[in-house]
Amino acid sequence: MLTTAFVPGSPNWIDLGTPDLNGAMTFYGGLFGWQFRSAGPDAGGYGFFTSGGRTVAGGMELPAGTAPPSWTVYFRSDDAEATARAVRQAQGTVVVEPDDVMDKGRMAILADPMRAAFGVWQPGTLAGLDVAGEDGALCWVELYTTDVAGAAGFYHAALGWETSSVSFPGGAYTCVNAAGAGEDGMFGGVVGSVGDPVEAGGGSYWLPYFAVGDVDAVTDRTRERGGAVRLEPTDVAGVGRMARLADPYGARFAVLRPEPVQG
């Protein structure tokens, strides 16, 4: 599972783009108990979702018509310019060129050849999220893609990822970890979206998972607060109980109650 030991190539930030920041604050506050804190008058409306005073995500309101509501996953880069070049060389796209975010760090928005968007964060004074892998915080990331093999090759070239295959009833799952991190450093997976009934025709995108103690209760609260249940709570052997959801504006996410680690 994801931790805050942010090695190059691992997820170190996540943020929400939404057409209604106040509404999103209310929704996620009701789901996870999050609060919201502005990043200040120079941040263009950007701010931080917090849990127990610790930052679990960022968020900002999107101008009408600029982009669909979504969560963006960022991966650590020690050189955002070099990563942008590697993305281009691997046939990806640089959507937003690397740029400084005050003294906090340097970021870029990119897309893989299958058009799944993601970000990179080069730390300055801000290394990344304050907490990961705990209840109410990011614990896993998953890429839904129209080309699993192509995606694995792209992210290996662009971010240095290593992949491994894990067998599950009905098929195999492609796990990913940062270069040299091994199985203990796994933070996500790659899943084929073609033919997935939940995806209604496929598509490619990154899906963040938040850890929760009660998947069914969070799913019920999602419905009550105007969100959508895209996949009902489901037990996955060796993993835990999960559900795939969306907020009232269409931003997709998932929740997971991991199985206890066997000691």
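Me: Are Y46 and F48 buried or exposed?

Reply: Good place to start! This is a predicted model, and in it both Y46 and F48 are buried.

Me: How do I describe the way two rings such as Y46 and F48 sit together?

Reply: The general idea is that a pair of aromatic rings is described by two things, the distance of the centres and the angle of the planes. Now try it here. The ring centres of Y46 and F48 lie 6.0 Å apart and their planes stand at 80 degrees, so this pair is edge-to-face. An angle over 60 degrees is what earns that name.

Me: How many aromatic pairs are there?

Reply: The count comes to 31 aromatic pairs. One of them joins W34 and F210, with 5.4 Å from centre to centre and 80 degrees between the planes, and it is edge-to-face too.

Me: Which parts of the chain does the pair of W34 and F210 link?

Reply: Distant ones, as the two residues are 176 apart. W34 belongs to the loop between α1 (21-32) and β2 (35-38), while F210 is in strand β13 (residues 205-211). Both W34 and F210 are buried.

Me: Which rings are linked into a cluster by ring pairs?

Reply: W34 and F210 are among them. The other members are F27, Y28, F32, F36, F49, W71 and F253. Try finding these residues in the structure above.

Me: Where does the charged end of R252 sit?

Reply: Over the ring of Y205, at 3.5 Å from the ring centre.

Me: What about charges meeting charges, and how many salt bridges are there?

Reply: The general idea is that side chains of opposite charge can pair when their charged atoms come close. A search of the whole structure finds 10 salt bridges. Including a few with their N to O distances, we have R76 with D78 at 3.1 Å, R88 with E97 at 2.5 Å, and R225 with E224 at 3.6 Å.

Me: Which of R225 and E224 counts as exposed?

Reply: E224 does, at 62% relative accessibility, whereas R225 is partly exposed at 36%. The exposed class needs a value over 50%, so E224 falls into it. There is also a network: salt bridges that share partners join E81, D100 and R106.

Me: How exposed are the partners in the R88 and E97 bridge?

Reply: R88 is partly exposed, with 42% relative accessibility, and E97 is partly exposed as well, with 44%. For the other bridge I named, R76 has 23% and D78 has 48%, and each counts as partly exposed.

Me: Let us turn to the strands. In what order do the 8 strands of the open sheet stand?

Reply: Read across the sheet, the order is β10-β11-β12-β9-β13-β16-β15-β14, and the pairing is mixed. β10 (162-168) and β14 (228-236) are at the edges with a single partner strand each, so one side of each has no neighbour in the sheet. From one strand to the next, the twist averages 25 degrees.

Me: In what sense do β10 and β11 pair?

Reply: The pairing of β10 with strand β11 (residues 171-177) is antiparallel, over 7 bridges. To see one on the model, look at F168, whose bridge partner in β11 is G171.

Me: Which strands does helix α4 lie across?

Reply: Helix α4 (residues 215-224) lies across β14, β15 (240-246) and β16 (252-258). The helix runs at about 10 degrees to β15.

Note on methods
Residues numbered from 1 in each chain as written. Predicted model: local features only at pLDDT ≥ 70, side-chain atom pairs only at ≥ 80, totals over all residues. Heavy atoms only, no water. Phe/Tyr/Trp six-rings, centres within 6.5 Å; stacked < 30°, edge-to-face > 60°. Helix = DSSP H or I, 4+ residues; strand = E, 2+ residues; numbered from the N terminus. Buried < 20%, exposed > 50% of the residue type's maximum accessible area, 1.4 Å probe, protein only. Lys NZ or Arg CZ within 6 Å of the ring centre and 35° of its normal. Salt bridge = Lys/Arg side-chain N within 4 Å of Asp/Glu carboxyl O. Pairing = 2+ DSSP bridges. Axes fitted to C-alpha atoms, helices over the stretch in contact; angles between N-to-C directions. Contact = heavy atoms within 4.5 Å.
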